[in-house]
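Subject: Structure for you to look at

Hello,

Here is the structure I said I would pass on. Please open it first, then read the notes under it with the view in front of you.

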Amino acid sequence: MANIAGSYDQNAAPNNFDQLEAGTYRAKIIQSEIIDVSDKAKGRCLNLTWQVETGPNDGKLIWQRLNMWAENMDNLDKVIAIANSQFASIREATGKVAPQNSEELHHIPCIIVVGPQKNNPQYNEVKSVKSVASAQGGPAPAQRQAPPVSRQSAPANNGGASAPWRKSA
């Protein structure tokens, strides 16, 4: 027997880790990390933690695993294609088209659709991600980077020749 008197907070509220119900939610990514897929399947995946921002489920969490670097799985090409497609939706929804670090995706409100997993319907997963603006009928965020501007210019006198748009006499 262990004596635990006085070593805990008697007023602490119990954690509510009930599964997030199927539905549509405003949420944001609050954590991301690259982890091993599993002990059986090899490779790595991007693990995202979404937090609901509004309504009665405010603060609830749901996790999304993108098996973008999976190895040794059935239907490997399909698994990787699905993960890349899901990641493309997240990038579009956040307006971060080419992030260099997954933290660039954090704390940007999105609309997520949660529904039952295909192979384990007793568990829910993130089914789709959209920008808040596009879900409300507006344009998706536009934070695409413009291509770099060339700093090279033609010589001022065009190498001694006249300007090409001028007609010669």
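Strand 1 and strand 2 are joined by 9 bridges and run antiparallel. Keep in mind throughout that this is a predicted model.

The connection between these two strands is a hairpin, in which 5 residues lead from strand 1 to strand 2. One bridge you can look up is that of aspartate 36, whose partner in strand 2 is arginine 44. Strand 1, residues 23-36, also pairs with strand 4, residues 110-116. That pairing is antiparallel too, and it has 5 bridges. Here arginine 26 has isoleucine 111 of strand 4 as its bridge partner.

Now the whole chain. The protein chain has 2 helices and 5 strands. Starting at the N terminus, the elements come in the order β-β-β-α-β-β-α. Of the 169 residues in the chain, 27% are buried. Among contacts with a separation of 6 or more, 46% are between residues 24 or more positions apart.

The sheet

In what order do the strands lie in the open sheet? The order is 3-2-1-4-5, with 5 strands and antiparallel pairing. Strand 3 (61-71) and strand 5 (124-131) are at the edges; each has a single partner strand, so one side of each has no neighbour in the sheet. From one strand to the next, the twist averages 40°.

Helix 1, made of residues 76-94, lies across strands 1, 2, 3, 4 and 5. Against strand 3 it runs at about 130°.

Two residues in strand 2

Threonine 49 belongs to strand 2, which covers residues 42-52. Is threonine 49 buried or exposed? Its relative accessible area is 5%, which is under the 20% cut-off, so threonine 49 is buried. The side chain of threonine 49 makes a polar contact with the side chain of tryptophan 63, at 3.0 Å. Leaving aside residues up to four places away in sequence, threonine 49 touches Lys28, Ile29, Ile30, Gln31, Leu61, Ile62 and Trp63.

Asparagine 47 is found in strand 2 as well. With a relative accessibility of 11%, asparagine 47 also falls under 20% and therefore counts as buried. Which residues does asparagine 47 touch, not counting those up to four places away in sequence? They are Gln31, Ser32, Glu33, Ile35, Trp63, Gln64 and Arg65. Gln31 and Trp63 are thus touched by asparagine 47 and by threonine 49.

The largest pocket

The largest pocket holds about 1300 Å³ of space. It is lined by 34 residues, and those closest to its centre are Arg65, Asn67, Gln117, Lys118 and Glu125. Strand 3, helix 1 and strand 5 are the elements that give two or more residues to the lining. Which element gives the most to the lining of the largest pocket? Strand 3 does, with 7 residues.

If you want a route through the view, begin at the hairpin between strand 1 and strand 2. Go on to threonine 49 in strand 2 and its polar contact with tryptophan 63. Then look at strand 3 at the edge of the sheet, and finish at the pocket lining to which strand 3 gives 7 residues.

Regards

Key: Residues are numbered from 1 along each chain as its sequence is written. This is a predicted model: local features need pLDDT of at least 70, side-chain atom pairs count only at pLDDT 80 or more; totals for chains, interfaces and linings use all residues. Side-chain values use heavy atoms; hydrogens and water are left out. Helices (H or I, at least four residues) and strands (E, at least two) are DSSP runs, numbered from the N terminus. Buried means under 20% relative accessible area, exposed over 50%, partly exposed in between (1.4 Å probe, protein chains only). A polar contact is a pair of N or O atoms within 3.5 Å; within protein, one must be able to donate a hydrogen and the other to accept it, and residues adjacent in sequence count only if both atoms are side-chain atoms. Contact means heavy atoms within 4.5 Å. Two strands pair if DSSP finds at least two bridges between them. Axes are lines fitted to C-alpha atoms, for helices over the stretch in contact, and angles run from 0 to 180 degrees between N-to-C directions. On a 1 Å grid over the protein atoms alone, a cavity is a set of points where a 1.4 Å probe fits but cannot get out, and a pocket is an open set with protein on both sides within 12 Å along at least five of seven lines; lining residues have an atom within 4 Å of a point. Grid points are joined across faces, edges and corners, and a volume is the space filled by probe spheres set on the points.
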